[in-house]
Amino acid sequence: MLENLLKEVISLVAGKQAEEIVDLLDTQKYVNEFVIAKKLNLTINQTRNILYKISDYGLVSSIRKKDKRKGWYTYFWKIEIVKTLDFLKENLLKKIDTAEHYIKSRETKRFYVCERCHIELSEENALLNNFTCTECGSLLVLKDNIKVLKDLRKNKEKLEKDLALVEEEITKERGKEDKKRGKEARKEEKIKFKAKLKLKKSRMKAKKMEHHPEKSKNKKVKHSKKSHVKK
Ligand SMILES: [Zn+2]
């Protein structure tokens, strides 16, 4: 499901032949572009061209690493899943908007059609042409909008279903991202906490030494003994 949605977007921005790249790009780690090229059976330049096109829309991100021996850069790519789904969502919203516009137009306006050429004219244009076809001169007839409206509404319903699916996936993926970020934040907090604890312990130790100078003296003696042995 998710894979198909991602492929749909990649196909929209980089062409149908590029959609295979979705199978090779990971959502978590960055993938070496040479590996992608090899698996797609494309040259590195062809592969980069596809990736640059997708990256223009912010749907992939990359990091680069310098090859110390050869001195050139290799790019590693990752698909930005939420951004890609957001792109699809925007696209669907636009389509729904257009569909609504067409429906409204069919509900409120009259259209005329030439039954021979299947050319359709708005009422204004039909009037300008004395209700005759601009191609063959046949008399135009009033178009029955009922069937057209049925199809338009069906199409709009399908788009809305698709939109609901995409929104569901976005929620899922956002949740995953938040979880991951939370995990990372907790990990960082743990590290900070441990560092604080260590500092506290060493401070307490230092205080103890101040209170019991004997102990510290002993230690010093021990130390010097040890170092003496080592020599
Ligand atoms: Zn005609």
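Visitor: In E5, what is the bridge partner of Tyr112?

Guide: This is a predicted model, in which local features need pLDDT of at least 70, side-chain atom pairs count only at pLDDT 80 or more, and totals for chains, interfaces and linings use all residues. Residues are numbered from 1 along each chain as its sequence is written, and side-chain values use heavy atoms, without hydrogens and water. Strands (DSSP E runs of at least two residues, numbered from the N terminus, as are helices, H or I runs of at least four) pair if DSSP finds at least two bridges between them. Three bridges join E4 (residues 111-113) to the antiparallel E5, and the partner of Tyr112 there is Leu121.

Visitor: Which strands are the edge strands of the open sheet?

Guide: The sheet has three strands in the order E5-E4-E6, with antiparallel pairing. Two of them pair on one side only: E5 (120-122) and E6 (141-142).

Visitor: Which residue takes a positive phi in the hairpin of E2 and E3?

Guide: Seven bridges join E2 (residues 60-66) to E3 (residues 73-79), and Lys66 stands opposite Tyr73. Six residues lie between the strands, and the one with a positive phi near 80° is Gly71.

Visitor: Between which domains does the largest nonpolar core lie, and why?

Guide: A nonpolar core is a set of buried (under 20% relative accessible area, 1.4 Å probe, protein chains only) Ala, Val, Leu, Ile, Met, Phe, Trp, Tyr and Cys residues joined through side-chain atoms within 4.5 Å. The largest one has 31 residues, and H5 (81-108) gives seven of them, the largest share. Domain bounds come from an automatic or database assignment. Because both domains give residues to this core, it lies between domain 1 (2-79) and domain 2 (85-107 + 144-184).

Terms used: Buried < 20%, exposed > 50% of the residue type's maximum accessible area, 1.4 Å probe, protein only.
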